[in-house]
Amino acid sequence: MHSSLSDILAEKFGIAEGVYEDARKARRDKGGSTAEMLISKNVISETQLLEALSELYDVPFWPELPLDNIDFEFTRHVPIHFLKNYSMVPLVIQLHPNQAAADADPQERKFSETLPDYLRYIIAVNDPAHFQQLDDLVRILGISDFQVILSTKSAITAAINLSYDFSRDSAEQL
């Protein structure tokens with residue numbers, strides 16, 4: 001296991017320590033995060049950053065989110081601007097029929113205690129440092145068992161837009 005993001009970026013993507021330090025200095029001068037500086041200077045891609053953060057924090061990285069079989073109920077409780085501002089989206093996903101809770105690893109099994117075997121609460125985030133906002137979202141939704149995953153901003157935005165568009169269409173049909 002690596003001790004720092006710079007170690008992972010160096011090992012996996014060949015980012016020299018000097019390049020990482022230059023981004024840290026630019027962050028101090030201009031604000032933002034070191035990762036944002038590396039991405040804006042095209043040193044790494046968002047996907048590479050999320051792969052590195054996934055390894056650092058031991059949080060799964062899903063470059064694409066499953067957009068079928070999503071429960072859109074959260075749209076009635078969570079303002080869209082909150083989710084877009086913090087690039088996070090709650091999903092209740094349906095697992096593949098042959099993937100039951102009994103077959104899942106022990107860590108995953110604990111997330112399914114309140115759901116049928118074929119459903120999971122997933123919260124996709126783009127920045128794992130948004131702990132407070134994640135806590136707020138969990139409190140608003142009233143859930144306690146969920147799995148946090150990392151995903152790209154575009155995948156999260158697409159899931160948010162689809163969810164709110166679908167819920168608006170359903171309301172109009174009623």
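Author: Angles between helix axes are sorted by range: under 35 degrees counts as roughly parallel, over 145 as roughly antiparallel, 65 to 115 as roughly perpendicular, and the rest as oblique. This is a predicted model, in which local features need pLDDT of at least 70 and side-chain atom pairs count only at pLDDT 80 or more, while totals for chains, interfaces and linings use all residues. Residues are numbered from 1 along each chain as its sequence is written, and side-chain values use heavy atoms, with hydrogens and water left out.

Reader: Thanks! Why are α1 and α4 called oblique to each other?

Author: The axes of α1 (residues 5-13) and α4 (residues 46-57) cross at roughly 120 degrees. The axes are lines fitted to C-alpha atoms, for helices over the stretch in contact, and angles run from 0 to 180 degrees between N-to-C directions. Set against the ranges, that crossing angle belongs to the rest, so α1 and α4 are oblique. The two axes come within 9 Å, and their crossing is right-handed, meaning that the near helix is turned clockwise from the far one by less than a right angle.

Reader: Which residues make the contact between α1 and α4?

Author: From α1 come L5, I8, L9, K12 and F13, and from α4 come Q48, L49, E51, A52, L53, E55 and L56. Contact here means heavy atoms within 4.5 Å. By class, eight of these residues are nonpolar, one is polar and three are charged.

Reader: What makes L9 count as buried?

Author: Buried means under 20% relative accessible area, exposed over 50%, and partly exposed in between, using a 1.4 Å probe and protein chains only. L9 has 0% relative accessibility and therefore counts as buried. L9 lies in helix α1, and beyond its neighbours within four places in sequence it is in contact with G14, I15, Y20, L38, I44 and A52. The C-alpha atoms of L9 and L49 are separated by 7.9 Å, although the two residues are 40 apart along the chain.

Reader: How do you know that Y164 is buried?

Author: Its relative accessible area is 12%, which is under the cut-off of 20%, so Y164 is buried. Y164 is found in helix α8 (residues 153-173). Not counting residues up to four places away in sequence, Y164 touches F74, T75, V78, P79, I80 and L83.

Reader: What makes E73 partly exposed?

Author: E73 has a relative accessible area of 34%, which falls between the two cut-offs, so E73 is partly exposed. E73 is found in the loop between α4 and α5. E73 and Y164 are 91 residues apart in sequence and 9.6 Å apart in space, C-alpha to C-alpha.

Reader: Why does D58 count as exposed?

Author: D58 has 66% relative accessibility, over the 50% cut-off, so D58 counts as exposed. D58 is also in the loop between α4 and α5 (80-86). The C-alpha atoms of D58 and I149, 91 residues apart along the chain, are separated by 9.6 Å.

Reader: What is the phi of D58, and what is the phi of S87?

Author: Phi of D58 is near 55 degrees, and phi of S87 is near 45 degrees. Most residues other than glycine have a negative phi. S87 lies in the loop between α5 and β1 (88-94), and at 12% relative accessibility S87 counts as buried.

Reader: How many helices and strands are there in the chain?

Author: There are eight helices and three strands, where helices (H or I, at least four residues) and strands (E, at least two) are DSSP runs numbered from the N terminus. Along the sequence the pattern is α-α-α-α-α-β-α-β-α-β-α. Of the 174 residues, 40% count as buried. Among contacts between residues at least 6 apart in sequence, 69% join residues at least 24 apart.

Key:
Nonpolar A, V, L, I, M, F, W, Y, C, P; charged D, E, K, R; others polar.
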